[in-house]
Structures are given as structure tokens and as C-alpha cells.
Amino acid sequence: MFELTDAALCADGPVTSLVELSLTPEHRRGHGTLYQALNQGRIDTDRFRGIVARQPIPRDNDGRIMPAIDISHWLRPDADTSP
């Protein structure tokens, strides 16, 4: 699971398939182990929730919350987007 996570974080650009992750240098194991890790891997959701909840909230000088991503659900067909 650690190599799979490293591969996802170090991949060039967005990941579109799991097969791509198995081709990155950070994923040193075979293609089949990727699926085996996903089938056997576990996440302690309560612990993960606690870690996320303890993270500081980024705020502007005015005290407003500044998310790093656009979290709005409004469609903006003319908005600039990253490639």
C-alpha cells in the first residue's frame, strides 16, 4: 500500500488508471501486487478522521477560510482550468 501511495503522489499529472501507477518508478512491485494490496489493505477510518480533523484550517488575514481548491458546485463553462 505504501508503494501504491508513493506512486499516486509522485505520478506526473493526474492518475487515470491503476495500471498507470504500476508503471511509475515508485511502484517497484509487479502489476498483480497492486490489486492484491488494494484487496488486503485496510484503513482505520476513525484514526484517519482524527488526523484530518486536527489539521489547521488555512485562513486569510481577514479570518476567512481559504480552501486550496474550488469546492463550489456551480458550473463555470468560461472559467480557466488547469490542464
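This report walks through the helices, a buried threonine, a nonpolar surface patch and the salt bridges of one chain.

**The overall picture**

First things first: what you're looking at is a predicted model. The chain has 83 residues, and 12% of them count as buried. Its secondary structure is easy to list, with 4 helices and 0 strands, so going from the N terminus you read α-α-α-α. How much surface does the chain expose? About 7,700 Å², with carbon and sulfur atoms supplying 56% of that area. As for contacts between residues with a separation of 6 or more, 20% of them come from residues 24 or more positions apart.

**Helix H1 and its two sides**

Start with helix H1, which covers residues 2-10. Which of its residues are buried? They are Glu3, Leu4 and Ala7. Looking down the axis of H1, you'd find these buried residues within an arc of 105°, so they line one face of the helix. There is a general reason behind such a pattern: an α-helix has 3.6 residues a turn, so residues three or four places apart point the same way. Phe2 and Leu9 sit on the other side of H1, and they are exposed. And what do the buried residues of H1 pack against? Their partners are H2 and H3.

**Thr24, tucked into a loop**

Between helix H2 (18-23) and helix H3 (31-40) there is a loop, and that's where you'll find Thr24. Is Thr24 buried or exposed? Its relative accessibility is 13%, and buried means under 20%, so Thr24 counts as buried. Leaving aside residues up to four places away in sequence, Thr24 touches Ala7 and Ala11. Ala7 has already come up as one of the buried residues of H1.

**A nonpolar patch on the surface**

Now for the outside. Met1, Leu18, Val19, Leu23, Tyr35 and Leu38 form a nonpolar patch on the surface, and together they have about 530 Å² of accessible area. H2 and H3 are the elements that give two or more residues to this patch. The largest share, 3 residues, comes from H2. One member worth a look is Tyr35, which belongs to helix H3. Tyr35 has a relative accessible area of 35%, which makes it partly exposed, because that label covers values between 20% and 50%.

**The salt bridges**

How many salt bridges does the structure hold? There are 3, and here they are with the distance between their closest N and O atoms:

| Acidic residue | Basic residue | Closest N and O atoms |
|---|---|---|
| Asp46 | Arg49 | 3.0 Å |
| Asp60 | Arg64 | 3.2 Å |
| Asp62 | Arg64 | 3.6 Å |

Asp46 and Arg49 both lie in helix H4, which spans residues 45-53. They are 3 residues apart, about one turn of the helix. Both Asp46 and Arg49 are exposed.

Then there's Arg64, which pairs with Asp60 and also with Asp62. That links Asp60, Asp62 and Arg64 in a network of salt bridges. How exposed is each member? Asp60 is partly exposed, at a relative accessible area of 28%. Arg64 comes in at 53%, so it is exposed. Asp62, with 60% relative accessibility, counts as exposed too.

Note on methods: Residues are numbered from 1 along each chain as its sequence is written. This is a predicted model: local features need pLDDT of at least 70, side-chain atom pairs count only at pLDDT 80 or more; totals for chains, interfaces and linings use all residues. Side-chain values use heavy atoms; hydrogens and water are left out. Buried means under 20% relative accessible area, exposed over 50%, partly exposed in between (1.4 Å probe, protein chains only). Contact means heavy atoms within 4.5 Å. A salt bridge is a side-chain nitrogen of Lys or Arg within 4 Å of a carboxyl oxygen of Asp or Glu. Patches are made of residues with over 30% relative accessible area and no salt bridge: like charges are joined within 9 Å, nonpolar side chains (Val, Leu, Ile, Met, Phe, Trp, Tyr) within 5 Å. Accessible areas come from the Shrake-Rupley method with a 1.4 Å probe; for residues, only the protein chains shown count as cover. The arc is that of the directions from the helix axis to the C-beta atoms.
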